[in-house]
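Q: I'd like a close look at one part of this protein, with the rest brought in where it helps. Here is what I have in front of me.

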Amino acid sequence: MQIDKPIAIKLQSKGIPMSEDPLSPDVGTDTETGKSPLQAETVKADGQDASTTAAAAVPLGRVRRSIKHLEIASLMLLLLLLVLGIFAPMTISAYRHVFMDEPRPTAVVVQNAGRVVSVSQSGGFITRALVETYLGYYALMEGVSLNKNEALTLETRADKVRFLCDSQHRCLRLVADGQPE
């Protein structure tokens with residue numbers, strides 16, 4: 001801020017008004033000629049005509065405005081990509097679930113799995129459960145809450161995947177196929 005004051009004083013002493021905002025495009029613009037003392041002028045080199053010389057530099061205000069428009073456009077594009085990246089997969093997933101979801105394979109074989117003796121959960125990032133019945137142990141892909149002495153059934157479906165189901169027919173997939181039958 002202290003460096004700007006001497007420049008402003010020098011420009012005002014030459015009769016060039018100063019704006020309040022130092023970043024505005026009309027900072028230091030001469031009211032008579034409309035030129036800023038910060039703009040470059042065209043210089044004619046020896047042996048060159050005016051058509052081959054470089055044009056006057058673009059005013060700083062125009063450059064700043066174009067950069068600001070570019071920033072806004074890139075932020076809008078980023079927002080659009082973010083929205084498409086989140087909502088498009090969700091919409092496609094919902095559409096497939098509602099209209100194209102294939103029915104689950106029906107149970108081909110239903111066996112008695114016994115009554116629940118105990119349930120132990122392995123915590124961590126992925127919760128797994130081990131259900132002990134009178135007939136054997138069943139390792140499940142998810143955690144489960146079962147009552148003691150609740151009757152369980154073992155379903156083998158058409159796609160050869162096995163599920164342990166409770167009396168209300170809530171079924172959970174077994175971890176491995178090597179479970180007791």
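In the hairpin of β1 and β2, which residue takes a positive phi, and how many residues are there between the strands? Please walk me through the strands around it too.

A: Happy to. Please keep in mind that this is a predicted model. The residue you are after is Gly-124, whose phi is positive, near 120 degrees. The hairpin of β1 and β2 has five residues between the strands.

First, some bearings. The chain contributes two helices and six strands, and from the N terminus on the order is α-α-β-β-β-β-β-β. Of the 181 residues, 20% count as buried. Among contacts with a separation of 6 or more, 37% link residues 24 or more positions apart. The accessible surface is about 14100 Å², and carbon and sulfur atoms account for 60% of it.

Back to the hairpin. β1 and β2 run antiparallel and are joined by six bridges. One pairing to look for on screen is Ser-120 with its bridge partner Leu-130 in β2.

Strand β2 is a good place to pause. Ala-129, Val-131 and Thr-133 point to one face and are buried, while Arg-128, Leu-130 and Glu-132 point to the other face and are not buried. The general background is simple: in a regular strand, side chains alternate between the two faces of the sheet. So Leu-130, the bridge partner of Ser-120, lies on the face of β2 whose side chains are not buried.

β2 also pairs on with β3. These two strands run antiparallel, with four bridges between them, and they form a hairpin with three residues in between. Here Val-131 stands opposite Tyr-138 in β3.

Val-131 leads us to the core. The largest nonpolar core has 13 residues, and those touching the most other members are Val-131, Leu-140, Val-144, Leu-152 and Leu-164. Elements giving two or more residues to this core are β1 (107–122), β2 (128–133), β3 (137–140) and β4 (151–157). Both strands of your hairpin are therefore on that list of contributors, with side chains under 20% relative accessible area counting as buried. As a general tendency, nonpolar side chains are buried together in soluble globular proteins.

Leu-140 shows how the parts meet. Leaving aside residues up to four places away in sequence, Leu-140 touches Arg-128, Ala-129 and Val-131, as well as Leu-164, Leu-172, Arg-173, Leu-174 and Val-175. Of these, Leu-164 and Leu-172 stand opposite each other, Leu-172 being in β6.

That takes us to the later strands. β4 and β5 pair in the antiparallel sense over four bridges, and Thr-153 stands opposite Cys-165 in β5. Their hairpin has four residues between the strands, and Lys-160 takes a positive phi near 70 degrees. Next, β5 and β6 (residues 171–173) are antiparallel partners over three bridges. The hairpin they form has five residues between the strands, and His-169 in the turn has a positive phi of about 60 degrees. If you are checking backbone angles, you can set Gly-124, near 120 degrees, beside Lys-160, near 70 degrees, and His-169, at about 60 degrees.

Strand β5 (residues 162–165) makes an interesting companion to β2. Arg-162 and Leu-164 point one way, Phe-163 and Cys-165 point the other way, and all of them are buried. In β2, by contrast, one face is buried and the other is not.

The structure also holds two salt bridges. One joins Glu-155 and Arg-157, with the closest N and O atoms 3.3 Å apart. Glu-155 counts as buried because its relative accessibility is 5%, and Arg-157 counts as buried because its value is 9%. The other joins Arg-170 to Asp-166 at 2.8 Å, N to O. Here Asp-166 is buried, with a relative accessible area of 8%, whereas Arg-170 is partly exposed, at 48%.

Finally, look away from the strands to a nonpolar patch on the surface. Ile-72, Met-76, Leu-79, Leu-82, Val-83, Ile-86, Phe-87 and Met-90 make up this patch, with about 780 Å² of accessible area together. Phe-87 belongs to helix α2 (residues 60–99), and its 46% relative accessibility is why it counts as partly exposed.

Note on methods: Residues are numbered from 1 along each chain as its sequence is written. This is a predicted model: local features need pLDDT of at least 70, side-chain atom pairs count only at pLDDT 80 or more; totals for chains, interfaces and linings use all residues. Side-chain values use heavy atoms; hydrogens and water are left out. Buried means under 20% relative accessible area, exposed over 50%, partly exposed in between (1.4 Å probe, protein chains only). Contact means heavy atoms within 4.5 Å. Accessible areas come from the Shrake-Rupley method with a 1.4 Å probe; for residues, only the protein chains shown count as cover. Patches are made of residues with over 30% relative accessible area and no salt bridge: like charges are joined within 9 Å, nonpolar side chains (Val, Leu, Ile, Met, Phe, Trp, Tyr) within 5 Å. A salt bridge is a side-chain nitrogen of Lys or Arg within 4 Å of a carboxyl oxygen of Asp or Glu. A nonpolar core is a set of buried Ala, Val, Leu, Ile, Met, Phe, Trp, Tyr and Cys residues joined through side-chain atoms within 4.5 Å. Two strands pair if DSSP finds at least two bridges between them.
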